[in-house]
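Okay, everybody settled? Let me put the model up, and then I'll talk you through what I picked out of it.

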Amino acid sequence: MAAKNLPTTGLTYEAPGLFDELIHYAQSNTGCDLLPHLLDMGLDTLRTRQQGAELAIESLGITFTIYSEGQNIDRAWPFDIIPRCIPDGEWQQLEAGLLQRSQALNAFIHDLYNDQKIIKDKKFPGELLDKSKNFLPPLIGANPRFGVWAHVCGSDLIRDKDGVMYVLEDNLRVPSGVSYMLENRQLTKRVFPELFQRYHIRPVDDYPSQLYDVLASLHPRDQKPNIVVLTPGVYNSAYFEHAYLAQQMGVELVEAGDLLVDDDKVYKKTIRGLQRVDVIYRRVDDLYMDPTVFIPDSLLGIPGIIKSWLKGNVAIANAPGSGVADDKVVYSYMPDIIRYYLGEEAKIPNVPTYRCNDPVERRHVIKNMHQLVIKPANESGGYGIMIGNRATRVEREAYAARIEEDPRNYIAQPILSPSTCPTLVEEGMEPRHLDLRPFILQGKKGYVTAGGLTRVALRRGSLVVNSSQGGGSKDTWIVAGRRD
């Protein structure tokens with residue numbers, strides 16, 4: 001990519017050998033010509049605005065929690081003011097692909113807990129289900145409203161150096177990050193108000209009302225629903241988000257101790273007595289939700305809540321058991337799953353994936369580990385991943401032994417070169433690798449956020465974008481052209 005340099009400020013930016021999103025779109029006719037304006041501002045102005053954003057983050061208390069050395073550490077949300085831009089025309093195609101994926105995932109989960117036709121038709125191997133950590137047999141026969149299990153999905157997208165956007169993974173258990181997407185937009189409105197006057201940027205701030213509408217549509221009774229957000233508590237890494245979403249939707253944030261089940265119905269304890277609960281947006285993992293069904297000593301769950309849900313007396317989003325599709329081995333079958341349930345080809349491709357439970361593919365993986373990213377099937381947050389060309393021989397050999405011990409639990413993918421975007425760092429403005437997590441809501445109808453949470457690797461050359469491991473974030477602009 002060519003360097004950009006405006007003599008008025010002396011600020012330069014280049015990303016040789018990389019697909020840089022701002023350089024690429026500055027050279028197109030899509031209206032995403034943001035880069036020249038940033039260069040024209042100059043580095044001092046950009047740094048001043050970055051400092052303003054960081055002060056706002058501190059004063060607003062926008063934090064995230066990481067676990068380190070047995071402690072919870074609250075940190076200010078890492079945010080880079082330079083946004084990532086995607087033309088609206090391209091986004092509409094991605095939006096259609098994400099809705100397609102959400103529909104197929106829900107049809108797949110519903111089938112697994114009911115007729116299991118896809119296994120009987122030999123389009124998905126039943127032995128994978130037998131060894132799944134997230135398939136929950138006590139829930140077989142469940143029938144949530146609309147046949148929807150994953151009401152909120154965060155599918156991670158990554159653009160390779162060829163410019164093609166791929167789905168990297170699907171997060172269905174308790175996907176997080178949407179509150180930071182919303183806060184990032186508020187921050188960029190503060191630091192770049194003139195750019196919001198210049199460009200048509202699609203809004204994202206309707207997400208809480210869209211989420212409320214989906215939750216309300218799950219209401220099993222006719223009257224106005226009583227909705228709550230169920231959190232594990234203040235020590236959870238996503239507690240900020242739990243509190244934020246409850247506040248934005250105007251519903252109560254509760255913990256397990258605030259609820260009880262009586263006569264197979266869920267109630268909230270209040271100073272005015274018990275109040276019936278209709279819908280629970282839960283941010284507690286499946287196995288901790290009900291100690292009478294899953295982990296017996298869980299302090300985060302409510303005894304009897306699963307029975308209440310199975311009887312249709314309360315709706316839970318995401319439905320318990322939806323994590324069965326939050327499995328990177330299942331992910332590798334998504335093109336087949338879409339074809340089976342919808343009769344269509346996938347509109348967004350998967351990253352090519354090797355399944356280590358297949359002996360031929362496993363041998364290829366172990367022989368070529370230095371060229372691959374190896375991932376455990378059910379971890380999240382970037383934990384347990386090995387990037388082959390950055391690991392030592394000893395580390396690769398140790399990882400190969402783990403694969404041989406439990407091949408069902410691992411997949412491998414080629415090491416991609418994700419797209420970059422200008423990012424303010426100590427040295428100036430440099431390219432850093434990105435991914436993107438849009439959020440898909442599914443009830444009777446589907447909804448996709450305009451963009452999503454862009455995560456950025458803050459270290460030069462790093463591919464790790466997770467905030468828990470040193471990554472940061474950016475606002476994502478879906479640009480429908482210029483106003484002038």
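I'll go through salt bridges, then the cavity, then cysteines, and finish with a few local spots.

Two housekeeping points before that. This is a predicted model, so local features need pLDDT of at least 70 and side-chain atom pairs count only at pLDDT 80 or more, while totals for chains, interfaces and linings use all residues. Residues are numbered from 1 along each chain as its sequence is written, and side-chain values use heavy atoms, with hydrogens and water left out.

Right, salt bridges. The general idea is that side chains of opposite charge can pair when their charged atoms come close. Here I call it a salt bridge when a side-chain nitrogen of Lys or Arg sits within 4 Å of a carboxyl oxygen of Asp or Glu. With that rule, the structure has 28 of them.

Take Glu21 and Arg159, whose closest N and O atoms are 2.9 Å apart. Glu21 belongs to helix H1 (residues 21-26) and Arg159 to strand E6 (residues 152-159), so this salt bridge ties together parts that are 138 residues apart in sequence. On naming, helices (H or I, at least four residues) and strands (E, at least two) are DSSP runs, numbered from the N terminus.

Are these two partners buried or exposed? Glu21 has 0% relative accessibility, so it counts as buried, and Arg159, at 2%, counts as buried as well. My cut-offs are under 20% relative accessible area for buried, over 50% for exposed, and partly exposed in between, with a 1.4 Å probe and protein chains only. The pair also sits in a network of salt bridges that links Glu21, Arg84, Glu90 and Arg159.

Strand E6 shows up again with Asp156, which pairs with Arg437 at 2.7 Å, N to O. Arg437 is in strand E21 (residues 428-437), 281 residues away from Asp156, so to speak a link between distant parts of the chain. Both Asp156 and Arg437 are buried. Then there's Glu430 with Arg432, at 3.1 Å from N to O, and those two are buried too.

Next, the cavity. How many cavities of 30 Å³ or more are there? The count is one, with a volume of about 60 Å³. For the grid people: on a 1 Å grid over the protein atoms alone, a cavity is a set of points where a 1.4 Å probe fits but cannot get out, and lining residues have an atom within 4 Å of a point. Grid points are joined across faces, edges and corners, and the volume is the space filled by probe spheres set on the points.

The lining is made of Glu169, Asp170, Asn171, Ala325, Asp326, Asp327, Lys328, Tyr331 and Ala377. Strand E7 (165-171) and helix H12 (328-331) are the elements that give two or more residues, and E7 has the largest share, with three. By class, that's three nonpolar, one polar and five charged residues. Nonpolar means Ala, Val, Leu, Ile, Met, Phe, Trp, Tyr, Cys and Pro, charged means Asp, Glu, Lys and Arg, and the others, Gly among them, are polar.

Cysteines are quick. A search of the whole structure turns up zero disulfides, taking a disulfide as a pair of cysteine sulfur atoms within 2.5 Å. For Cys421, the nearest cysteine sulfur is that of Cys85, 7.2 Å away. Cys421 is buried at 0% relative accessible area, and Cys356 is also buried at 0%.

Last, backbone oddities. Most residues other than glycine have a negative phi, and most peptide bonds are trans. Lys122 has a positive phi near 60°; it lies in the loop between helix H5 (117-120) and helix H6 (126-130) and is exposed, at 74%. Asp263 has a positive phi of about 55°, in the loop between strand E11 (259-262) and strand E12 (265-270), and at 58% it is exposed. Gly250, just after helix H10, takes a positive phi of about 75°.

Which residues are joined by a cis peptide bond? Those are Ala317 and Asn318, with omega about -15°, and Asn318 is in the loop between strand E15 (315-317) and H12.

That's my tour; questions welcome.

Conventions. 1 Å grid on protein atoms, 1.4 Å probe; cavity = no way out; pocket = protein on both sides within 12 Å on 5 of 7 lines; lining within 4 Å.
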